[in-house]
Amino acid sequence: MAREQFQTLTEPMYYILLALLEECCGVDIMDKVENLSHGRVTVGPGTLYAMLPKFEQAGLIRLTAAEGRRKSYIITYDGYLMLQKEYERLQTMLRDGAAPLRSFSGSGCTLPEK
């Protein structure tokens, strides 16, 4: 499994791995991240091309094709497991926060002033 560097994923990391559930190249990954996040997350070339070798070295993705400077990748089994683990972690955080937030908003409490 991947090193401790990837215990939790940043949003760009999560969406990059999500995009790589299907084989694609860098430009396609950037487009997919934007589409998957409904425009909320964008990954620039600097971020993407810094992350791809780290993901590859950690065994989370693998190179599938290289034509000149254009390289295509796909997620590996270990990458899929990491993505699934992160998805479950995020779901747990949502569940953990739901009741306290509902309770607070329904209690008539007001937020302190800034």
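This is a short guided tour of the chain, stop by stop, for you to follow in your viewer. Keep in mind that the model is predicted.

**Stop 1: the whole chain**

Start with everything shown as a cartoon. You should find four helices and three strands, and if you trace them from the N terminus the order is α-β-α-α-β-β-α. Now turn the chain to look at its outline. Along the principal axes, the C-alpha atoms fill a box of roughly 60 × 30 × 25 Å. The radius of gyration is 18 Å, whereas a compact globule of 114 residues would have one near 13 Å.

Next, switch on a surface. The chain exposes about 7,700 Å², and 54% of that area comes from carbon and sulfur atoms. Of the 114 residues, 30% are buried. If you colour by charge, you will see 13 positive and 14 negative side chains, with the centres of the two sets 3 Å apart. A contact map is worth a glance too: among contacts between residues at least 6 apart in sequence, 52% join residues at least 24 apart.

**Stop 2: helix H1**

Select residues 11–19, which form helix H1. Which residues of this helix are buried? They are Met 13, Tyr 14, Tyr 15, Ile 16, Leu 17 and Ala 19. Show their side chains and then bring in what surrounds them. The buried residues of H1 pack against strand E1 (24–25), helix H2 (26–36) and helix H3 (45–57), and also against strand E2 (61–67), E3 and H4.

**Stop 3: Cys 25 and Asp 28**

Move along to Cys 25, which lies in strand E1. Is Cys 25 buried or exposed? Its relative accessibility is 5%, so Cys 25 counts as buried. Hide its neighbours within four places in sequence, and the residues in contact with Cys 25 are Arg 70, Lys 71 and Ser 72. Try a distance label on one of these pairs: Cys 25 and Lys 71 are 46 residues apart in sequence, with their C-alpha atoms 5.5 Å apart in space.

From there, go on to Asp 28 in helix H2. Asp 28 is partly exposed, at a relative accessible area of 31%. Add a label from Asp 28 to Ser 72, which also appeared among the contacts of Cys 25. From C-alpha to C-alpha, Asp 28 and Ser 72 are 9.2 Å apart, with their positions 44 residues apart in sequence.

**Stop 4: the loop between H2 and H3**

Select Ser 37, in the loop between H2 and H3. Ser 37 is buried, with a relative accessible area of 4%. Which backbone atoms does its side chain reach? One is the backbone oxygen of Glu 34, at 3.4 Å. Another is the backbone nitrogen of Val 41, at 2.9 Å.

Now pick His 38, found in that loop between H2 and H3. His 38 has a relative accessibility of 75%, so this residue counts as exposed. Check its backbone torsions as well: His 38 is not a glycine, but its phi is positive, at about 55°. Most residues other than glycine have a negative phi.

**Stop 5: Thr 76**

Jump to Thr 76, in the loop between strand E3 (70–75) and helix H4 (77–106). With a relative accessible area of 18%, Thr 76 falls under the 20% cut-off, so Thr 76 is buried. Its side chain reaches the backbone nitrogen of Gly 79 at 3.1 Å. To see what else surrounds Thr 76, leave out residues up to four places away in sequence; Thr 76 then touches Gly 59, Leu 60, Ile 61 and Arg 62.

**Stop 6: past the last helix**

Finish with Cys 109, in the segment after H4. How exposed is Cys 109? At 45% relative accessibility, Cys 109 counts as partly exposed. For a last distance label, join Cys 109 to Asp 96: the two are 13 residues apart in sequence and 20 Å apart in space, C-alpha to C-alpha. Set that label beside the one for Cys 25 and Lys 71, where 46 residues in sequence go with 5.5 Å in space.

Methods: Residues numbered from 1 in each chain as written. Predicted model: local features only at pLDDT ≥ 70, side-chain atom pairs only at ≥ 80, totals over all residues. Heavy atoms only, no water. Helix = DSSP H or I, 4+ residues; strand = E, 2+ residues; numbered from the N terminus. Rg over C-alpha atoms; globule rule 2.2 N^0.38 Å. Buried < 20%, exposed > 50% of the residue type's maximum accessible area, 1.4 Å probe, protein only. Contact = heavy atoms within 4.5 Å. Areas by Shrake-Rupley, 256 points an atom, 1.4 Å probe, with all protein chains shown as cover. Lys, Arg positive; Asp, Glu negative; His and termini not counted. Charge placed at Lys NZ, Arg CZ, Asp CG, Glu CD. Polar contact = N/O pair within 3.5 Å; in protein donor to acceptor, adjacent residues only side chain to side chain.
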